[in-house]
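Colleague: I should be grateful for a close look at one part of this model, with its surroundings described in turn. Please begin with the part itself and then place it within the whole.

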Amino acid sequence: MQHTELKVGELARRTGLSVRALHHYDEIGLLKPSAHTASGHRLYTAADIARLSHILSLKQLGFSLEEISGTLGRADFSALRVVELRLQRAREQLAEQCQLCERLDTLARQLRAAEPVSADDFLQTIEAMAMFEKYYTPEQLKELEARRQAMGEDAIKEVEAEWPRLIARMREELEKGTDPAAEPVRTLATRWRELVRAFTGGNPGIEKSLNTLHQQEPQVAERQGRDPKLMEYVGRAMAALDAPK
């Protein structure tokens with residue numbers, strides 16, 4: 001590479017960049033070729049190509065072209081630091097890919113254990129995964145997966161089947177106008193709390209994330225039958241449970 005000189009078209013082909021992009025880098029002073037042919041065509045030297053590698057690394061790290069220009073122009077600029085930053089980002093991307101593999105493996109196991117599902121069911125599963133990733137930290141997701149494995153698929157299916165029945169019974173009491181502090185509602189509220197804790201493991205951070213999900217994504221809660229009116233009633237029932245006797 002020390003004596004390599006590439007024309008702009010060859011450099012574009014070898015790097016996957018467009019000739020237009022390289023011309024733009026030249027125009028703004030970010031990457032000016034060190035040599036030219038007798039007819040005036042740009043020639044990029046090994047030093048230019050090394051600079052281009054730094055530009056692309058910083059660009060992949062999220063730097064703007066203006067920031068890259070300022071960084072490369074600094075007296076204390078370190079090519080090693082750019083490589084270290086790019087290596088750090090590559091490791092982060094690798095970790096993200098590993099997490100994706102874990103999530104897909106979990107989804108595959110869930111699908112293998114269930115009956116064939118419709119496209120709508122599959123889309124709801126994907127939506128649920130996206131929701132989880134949005135509102136739960138990676139650490140919380142790992143804890144939830146560990147709890148899922150510890151409980152086993154049969155126990156999870158029992159809990160998932162119980163939720164609609166519990167919600168329906170709570171709604172019946174609401175529609176009858178039963179006092180949230182009355183014994184029938186207290187019994188339901190106690191079981192409601194037990195099922196939530198079965199999911200969260202008593203982790204207040206996970207419970208907070210769950211509540212945030214339901215608040216920020218009301219369509220999810222309503223699809224489960226947890227409309228605002230019912231949840232306000234459940235909240236009053238929970239408050240009654242916690243009230244001193």
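Modeller: In this predicted model, Met170 is in contact with Val185, Leu188, Ala189, Trp192, Leu230, Tyr233 and Val234, leaving aside its neighbours within four places in sequence. Met170 belongs to the largest nonpolar core, a set of 24 residues. Together with Tyr136, Trp163 and Trp192, Met170 touches the most other members of that core. Four helices each supply at least two residues of this core: helix 8 (153-176), helix 9 (183-200), helix 10 (204-216) and helix 12 (228-242). Apart from this core lies another, of 17 residues, which includes Leu11, Tyr25, Leu31 and Leu72.

Leu72 leads to a further residue, His54. Leu72 is one of the residues that His54 touches, along with Phe77, Ala79 and Val82, when residues up to four places away in sequence are not counted. His54 lies in helix 3, which spans residues 46-60. Is His54 buried or exposed? Its relative accessibility is 14%, and because buried means under 20%, His54 counts as buried.

Helix 10, already named as a contributor to the largest core, also meets helix 7 (residues 138-151). The axes of these two helices come within 11 Å and cross at roughly 100 degrees, so helix 7 is roughly perpendicular to helix 10. On the side of helix 7, the contact is made by Gln140, Glu143 and Leu144; on the side of helix 10, it is made by Gly205, Ile206 and Ser209. By character, the residues of this contact divide into two nonpolar, three polar and one charged.

Two residues allow this region to be followed in greater detail. The first to be considered is Gln140, which is found in helix 7. Gln140 is buried, with a relative accessible area of 11%. Residues up to four places away in sequence being excluded, Gln140 touches Tyr135, Gly205, Ile206 and Ser209. The other is Thr200, whose place is in helix 9. Thr200 has a relative accessible area of 0% and is therefore buried. With residues up to four places away in sequence again set aside, Thr200 touches Glu143, Arg147, Ile206 and Glu207. How far apart are Thr200 and Glu143 in sequence and in space? They are separated by 57 residues in sequence, while their C-alpha atoms are 8.8 Å apart. Ile206 is touched by Gln140 and also by Thr200.

The strands deserve separate mention. Three of them form an open sheet in the order 1-3-2, with antiparallel pairing. Strand 1 (6-7) and strand 2 (35-36) stand at the edges, and each has a single partner strand, so one side of each is left without a neighbour in the sheet. Strand 1 is joined by two bridges to strand 3 (residues 42-44), and the two run antiparallel. Lys7 has Leu43 of strand 3 as its bridge partner. In general, strands of a sheet pair through backbone hydrogen bonds, either parallel or antiparallel.

Finally, the whole protein may be considered. It contains twelve helices and three strands. Of its 245 residues, 29% count as buried, with His54, Gln140 and Thr200 among them. Of the contacts between residues at least 6 apart in sequence, 61% join residues at least 24 apart.

Notes
Residues are numbered from 1 along each chain as its sequence is written. This is a predicted model: local features need pLDDT of at least 70, side-chain atom pairs count only at pLDDT 80 or more; totals for chains, interfaces and linings use all residues. Side-chain values use heavy atoms; hydrogens and water are left out. Buried means under 20% relative accessible area, exposed over 50%, partly exposed in between (1.4 Å probe, protein chains only). Contact means heavy atoms within 4.5 Å. A nonpolar core is a set of buried Ala, Val, Leu, Ile, Met, Phe, Trp, Tyr and Cys residues joined through side-chain atoms within 4.5 Å. Two strands pair if DSSP finds at least two bridges between them. Axes are lines fitted to C-alpha atoms, for helices over the stretch in contact, and angles run from 0 to 180 degrees between N-to-C directions. Angles under 35 degrees count as roughly parallel, over 145 as roughly antiparallel, 65 to 115 as roughly perpendicular and the rest as oblique. Ala, Val, Leu, Ile, Met, Phe, Trp, Tyr, Cys and Pro count as nonpolar, Asp, Glu, Lys and Arg as charged, and the others, Gly among them, as polar.
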